[in-house]
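Here are some notes for a colleague who is opening this entry for the first time. Please read them with the sequence and the structure side by side.

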Amino acid sequence: MIRYHAGKWGIRFAFSLQGSVFPKALVWALPCAMLSALINAAIFSNADFRHLKDWISANGVGLGGFYFVLGFLIVFRSQNAYSRWWEGGSLIHQ
């Protein structure tokens, strides 16, 4: 049986925060998650807002808007990455 030495690429490397984008992303994601949990709790606990929950889930407004924005951002980022790649390839061939 072959024994491999993990070295610096072991399981600790997968969970290291040095050079990671997770701390910076957590600064943005955590307040948004807390705000959405607060809104969700307000909708479920207050009888005045229950019709809003039914309207959003019936019409799909919430997910439709989210999917539109997410799709737009993904397409925009992909287009920028492809244009940079194409420019780099054309500069190499000059």
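1. The protein holds 4 helices and 0 strands, and from the N terminus on its elements follow the order α-α-α-α. Please keep in mind throughout that this is a predicted model.

2. Burial and surface should be looked at next. Of the 94 residues in the protein, 1% count as buried, while the accessible surface amounts to about 9,200 Å², with 70% of that area belonging to carbon and sulfur atoms.

3. Helix 2, which covers residues 22-45, contains 24 residues and reaches 33 Å from its first C-alpha to its last, a span close to the 34 Å expected at 1.5 Å a residue. A reader who follows helix 2 along its course should nevertheless look at W28, where the helix bends by about 30°, and should note that a proline, P31, follows within four residues of that position.

4. How many aromatic pairs does a search of the whole structure find? The search gives 4. One of the pairs is formed by F66 and Y67, whose ring centres are 5.9 Å apart and whose planes stand at 50°, and the pair is therefore classed as tilted. As for their accessibility, F66 counts as partly exposed because its relative accessibility is 47%, whereas Y67, at 52%, counts as exposed, the cut-off for exposed being over 50%.

5. W85 and W86 also form a tilted aromatic pair, with 5.9 Å from centre to centre and 50° between the planes. Both tryptophans should be inspected for exposure: W85 has a relative accessible area of 57% and so is exposed, and W86 is likewise exposed, with a relative accessible area of 52%. Ring pairs join these two residues with Y82, so that Y82, W85 and W86 make up a cluster.

6. Which residues form a nonpolar patch on the surface with about 520 Å² of accessible area together? They are L63, F66, Y67, L70 and I74, and the patch thus takes in both rings of the tilted pair formed by F66 and Y67. I74 lies in helix 4, which spans residues 61-92, and I74 counts as partly exposed because its relative accessibility is 48%. When looking at the spacing of such positions, it helps to recall that an α-helix has 3.6 residues a turn, so residues three or four places apart point the same way.

Definitions and conventions:
Residues are numbered from 1 along each chain as its sequence is written. This is a predicted model: local features need pLDDT of at least 70, side-chain atom pairs count only at pLDDT 80 or more; totals for chains, interfaces and linings use all residues. Side-chain values use heavy atoms; hydrogens and water are left out. Helices (H or I, at least four residues) and strands (E, at least two) are DSSP runs, numbered from the N terminus. The expected span of a helix is 1.5 Å times one less than its number of residues. The bend at a residue is the angle between axes fitted to the seven residues ending there and the seven starting there. Buried means under 20% relative accessible area, exposed over 50%, partly exposed in between (1.4 Å probe, protein chains only). Accessible areas come from the Shrake-Rupley method with a 1.4 Å probe; for residues, only the protein chains shown count as cover. Rings of Phe, Tyr and Trp (its six-membered ring) pair if their centres lie within 6.5 Å; planes under 30 degrees apart count as stacked, over 60 as edge-to-face and the rest as tilted. Patches are made of residues with over 30% relative accessible area and no salt bridge: like charges are joined within 9 Å, nonpolar side chains (Val, Leu, Ile, Met, Phe, Trp, Tyr) within 5 Å. A salt bridge is a side-chain nitrogen of Lys or Arg within 4 Å of a carboxyl oxygen of Asp or Glu.
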